[in-house]
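Here are a few exercises to work through with the sequence and the model open side by side. Try each one yourself before reading the solution.

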Amino acid sequence: MADSSTDFLKGTLDLMVLKTLSWAPTHGYGIARWIEQCTDDVLQVEEGSLYPALHKLEERGLIVAEWGVTEHNRRAKFYRLTTAGKKQLAASRDYWARFAGAVFKVLETAPGTR
Amino acid sequence: MWRRYLHFWGPRAEADVDDELAFHIEMRARDYMARGLSAADARRAATRRLGDLDAARAECIAITARRERRMTRAQLIDAFVHDVRYAVRTLGRQKGWTVVAIATLALGIGANTAVFSVVNALVLNPLPYPNADRVAMVYLEPTEGNSTGMRVFVAPQPRVVRLWKEHARSFEALEPFRASDRAMRTSDGTSSTVRAAFVLPSFASFTGARPMMGRAFTDVDLAEGGRVALLSEPFWRSRFGADSAVIGKAITLDREMYTVIGIMPPSYRLPRLSETVSDVWLPLDVREEGLGLSVIARLRPNVTPAVAASELDSVYARSALAKDDHGDFKAKLSLPSQLVDFRDSLVMLSAAVALVLLIACGNVAHLLLARTAARQRELAVRAVLGASRTRIVRQLLTESLLLGAAGCVGGLLVGWVGLNALVALRPDSLPELAAAHIDGATLAVTAGLAALTSLAVGALGALHALRHSAHDALKAGTLGLSQSRRQRRLRSLLVVSEMAVSTVLLVGATLLVRSIAHLQSIDPGFEPRGLYAIQVALPVDSYATRAARRAFIGQLAERIRSAPGVAAVTVAAGAPPSRNWMIGALQVDGQPAPATGATAFVDYNGVDANYFRVMGIPLLEGTTLTDTSASSRQGLVNAGFVRKHWPGQPAVGRRFRVVYDGKEEWNTIVGVVGDAFTGGLTAEAGTPMVYVKSTDLFEPAVIIRAAAGADPVPGIRSLITQADPALAPPTISNVENAMQRSVAGPRFTMVLLVAFTVLALVLAAIGLYGVMAFAVAQQTREIGIRIALGATQTGIARSVLLRGVVLACVGAGLGLLGARWGTKVLEHMLYGVGRFDAASFAIGALVLLGAAVLACLVPMRRAVSVDPLIAIRAD
């Protein structure tokens with residue numbers, strides 16, 4: 001089950017990162033922890049792909065990074081959502097909602113009803 | 001430097017990624033530890049959880065690098081814009097400084113722009129024809145025996161040109177032409193001179209020009225007798241009011257009727273060297289023998305002028321003509337640029353303006369150094385605030401580039417004004433100067449010079465700024481001590497170089513000034529004042545034989561003799577300033593006969609008995625011509641002739657002849673006259689010359705001496721019109737003015753060099769002033785202490801002056817050495833002064849020292865007036 005959950009996650013990782021950052025700027029670890037906590041550790045972020053994803057988002061101008069200091073006084077790279085990122089998040093959420101709804105419909109439909 | 005800047009991001013991208021990932025593992029491990037794992041286990045677990053760390057790292061780095069490369073580009077542009085804005089602000093803050101720097105650059109660059117546009121028009125790009133790089137003038141040169149000291153062009157005879165055209169394979173086109181004046185009758189019965197040019201029908205395709213209206217010549221025109229004419233566009237506009245109805249109408253030139261068949265654009269033109277503009281074009285018939293022709297040719301690709309010339313020679317040598325003709329000539333091809341008389345002067349002036357630019361650069365370098373010094377604190381503060389060295393250097397370079405750009409614009413302006421002045425002041429002997437203009441090439445060269453200048457100057461300033469770390473500058477106040485010494489050395493070096501370069505120019509200019517002074521103080525050996533030379537163009541058709549021409553001129557001279565205001569009249573082969581030569585080798589009594597066919601040149605004039613009296617040339621020995629019959633074999637020689645052949649001995653009674661075909665008769669010398677500069681003031685003094693009776697002259701000149709205070713010109717003009725109303729108005733020149741004009745070319749060169757030298761000297765003096773003023777400002781405190789300790793004002797003044805003079809002396813010394821070598825370019829431009837003329841060298845050095853002393857005066861005054869109390873307290 002873990003495998004399928006992570007595969008499934010790959011397509012939605014960007015969306016979740018953007019969503020996470022929509023609350024407050026944070027660092028990569030913060031994003032990973034947030035997603036884990038939100039989903040009661042059901043979804044474990046595949047950390048190997050989190051950072052490339054972050055960098056790609058940065059490259060696309062959806063998020064920006066700057067170096068800051070954590071509450072433990074440790075230097076860390078903080079990501080922040082840009083205006084473009086906010087727009088992208090809204091668009092993706094709509095798309096995702098429609099997609100998820102469609103998938104759900106398929107799963108709920110009984111074979112004989114057609 | 002730029003490379004370093006581009007790589008700047010590389011290492012940091014990797015470090016950032018590593019840092020980010022390390023932070024993640026650290027945080028995760030901290031979590032695990034909170035759940036009870038040992039530190040080592042927590043770390044292992046965290047690392048495992050991250051998965052393939054290397055792959056993630058590599059991917060992140062790749063993305064970041066890609067993004068940052070893109071960003072760097074954007075940032076560079078951004079930084080450049082920022083640098084420029086900042087530079088504009090800084091330069092704007094010190095307006096005086098900026099204006100001086102830009103003006104200096106503009107003057108230096110402008111002088112180069114002006115001279116380059118002349119070089120470009122006259123030397124680099126003299127012909128407007130297609131494939132101009134393969135176009136050459138073709139003429140004959142005597143193989144040996146050219147004793148004139150000038151380049152001698154022999155125009156090939158039509159039969160030779162026909163031979164060449166038929167057999168030579170080196171040419172795409174071989175275009176003979178001839179230019180001569182014609183008298184045009186106008187409707188009101190008066191005549192005016194038009195400049196006519198005779199060309200072949202193929203000349204149109206040679207020039208690539210098409211008729212603006214009507215048609216060009218065809219071979220049919222020639223076959224039908226060639227009574228057709230083309231008008232040049234400017235002539236058509238000025239004389240026929242650009243009336244298109246002129247086509248098909250007839251015009252009368254020297255009594256011949258020609259039908260106008262077309263209007264040609266200005267690109268249909270002869271090479272500039274032979275004729276500036278032609279008014280009327282007539283078909284050339286190379287089947288007719290007669291006067292020699294000028295030839296311009298386009299070589300086939302990859303054929304060198306030397307190869308083409310030797311082909312022409314062998315074509316000629318194989319022909320039947322070679323057996324019959326006399327004379328020993330060989331074909332020569334010259335690129336038109338090589339034929340520009342002004343070429344030597346241009347080379348010299350180009351060098352001079354380059355030196356001026358060098359001095360201007362030196363001055364701007366000074367200014368930048370002084371400013372860098374003053375800005376040391378600002379730069380240091382910027383460095384401490386995180387500006388990298390690269391960034392500061394870039395900033396300084398941007399500033400100097402900006403100065404360069406402004407200097408470029410200013411230079412173009414100065415160049416444009418200078419060029420217009422130059423063209424307006426051009427002497428009559430350089431009509432082709434009018435073609436000089438500022439074009440794309442000039443713009444490119446100006447921009448290139450400006451870029452080069454500002455980079456060189458900026459690099460010097462930047463290097464200098466780099467050497468001093470920010471730390472030093474902040475610590476040492478406005479200027480570190482060691483640094484000030486190094487700066488001072490650099491500035492001294494600059495100012496010494498400027499002084500040296502100025503000295504070279506000063507010596508050169510002085511040499512030219514002295515040379516011109518010599519020319520103008522020459523006793524011409526005759527009395528040019530009140531002398532007029534009259535040249536009447538006799539059409540060959542109406543005055544076919546030499547005898548007829550001579551007879552007409554003789555009768556004309558008789559009528560002029562009684563004209564009002566005329567004191568005396570004589571007829572001669574040539575009127576001053578002009579030289580005539582007999583072709584052949586001179587043989588004097590007692591010498592063996594020279595080989596026939598030699599193409600030596602003997603200066604001569606064909607004269608009447610009263611020539612010497614009219615001209616005011618003293619008779620030193622014997623008499624003038626006494627036998628005035630056509631068969632007279634009497635002759636006179638000048639003193640230079642006697643000096644050369646029979647020094648210290650009487651010459652009267654001896655004989656000479658000029659041998660060409662061996663059949664010449666001897667002339668017996670009846671008198672010796674003084675040396676006269678009848679060939680113009682630039683001719684060599686005392687060149688041997690012979691005078692014989694003026695028979696058989698093709699284009700004789702009438703020379704008259706006017707009665708004191710009288711102006712005989714209008715009377716003579718009307719006399720000539722009465723004698724033959726069809727003649728074009730004669731050329732009547734005032735010999736005194738014409739003699740002055742014979743030095744106009746060299747004088748023009750002199751004026752230009754003097755102007756550039758003055759410019760150089762002023763710039764160099766400003767440079768010295770700057771160094772001295774800066775030194776005094778820096779040593780205010782030291783001077784104050786010295787005054788406080790009892791130094792006298794004289795003492796202080798002396799020390800300042802001494803330093804300036806020492807710098808100037810070192811510069812002058814180096815400059816004199818440089819001038820010994822550099823005046824080589826003047827070698828052929830000097831008359832009566834050697835290129836090592838001690839007086840010129842001394843004057844050059846003295847003028848420089850004088851300027852140096854003047855430049856030191858203000859800094860000296862400032863040093864003397866230092867108030868010790870204020871000075872010592874200042875820092």
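**Exercise 1: a strand and its neighbours**

V607(B) stands opposite K693(B) in β20(B). Before going on, a word on conventions: this is a predicted model, where local features need pLDDT of at least 70, side-chain atom pairs count only at pLDDT 80 or more, and totals for chains, interfaces and linings use all residues. Residues are numbered from 1 along each chain as its sequence is written, with chains lettered from A and ligands numbered from 1 in the order in which they are written.

Task: work out which strands β15(B) pairs with, and in what sense.

Solution. Start with the ground rules: strands (E, at least two residues) and helices (H or I, at least four) are DSSP runs numbered from the N terminus, and two strands pair if DSSP finds at least two bridges between them. On one side of the bookkeeping, β15(B) is joined to β20 (residues 689–693) of chain B by five bridges, and the two run parallel. Next, β13(B) and β15(B) pair antiparallel over four bridges; there, M582(B) has V602(B) as its bridge partner.

Task: decide how enclosed β15 (residues 601–607) of chain B is.

Solution. Count C-beta atoms, placed from the backbone, within 10 Å of a residue's own: 20 or more others means buried, 12 or fewer exposed, and in between partly exposed. Seven of the seven residues pass as buried, so the strand is largely enclosed by the rest of the structure. Now split them by direction: F601(B), D603(B), N605(B) and V607(B) point one way, V602(B), Y604(B) and G606(B) the other, and all are buried. In a regular strand, side chains alternate between the two faces of the sheet.

**Exercise 2: an open sheet**

Task: find the edge strands of the sheet β12-β21-β11-β22 in chain B.

Solution. This is an open sheet of four strands with antiparallel pairing. β12 (566–572) and β22 (731–734) of chain B each have a single partner strand, so one side of each is left without a neighbour in the sheet. The twist averages 20 degrees from one strand to the next. To check one pairing, look at β11 (residues 531–535) of chain B, which four bridges join to β22(B); A533(B) has S733(B) as its partner there.

**Exercise 3: two helices**

Task: describe how α18(B) packs against α21 (residues 713–723) of chain B.

Solution. First, the geometry: the axes are 10 Å apart and the angle is about 140 degrees. Axes are lines fitted to C-alpha atoms, for helices over the stretch in contact, and angles run from 0 to 180 degrees between N-to-C directions. Under 35 degrees counts as roughly parallel, over 145 as roughly antiparallel, 65 to 115 as roughly perpendicular and the rest as oblique, and α18(B) and α21(B) are therefore oblique to each other.

Then the residues: L556(B), R559(B) and I560(B) in α18(B) meet I716(B), L719(B), I720(B) and A723(B) in α21(B), contact being C-beta atoms, placed from the backbone, within 7 Å.

**Exercise 4: backbone oddities**

Task: which peptide bond is cis, the one that joins P576(B) and P577(B) or its neighbours?

Solution. The cis bond joins P576(B) and P577(B), with omega about -5 degrees. P577(B) sits in the loop between β12 and β13 (580–583) of chain B.

Definitions and conventions
Two residues are in contact if their C-beta atoms, placed from the backbone, lie within 7 Å.
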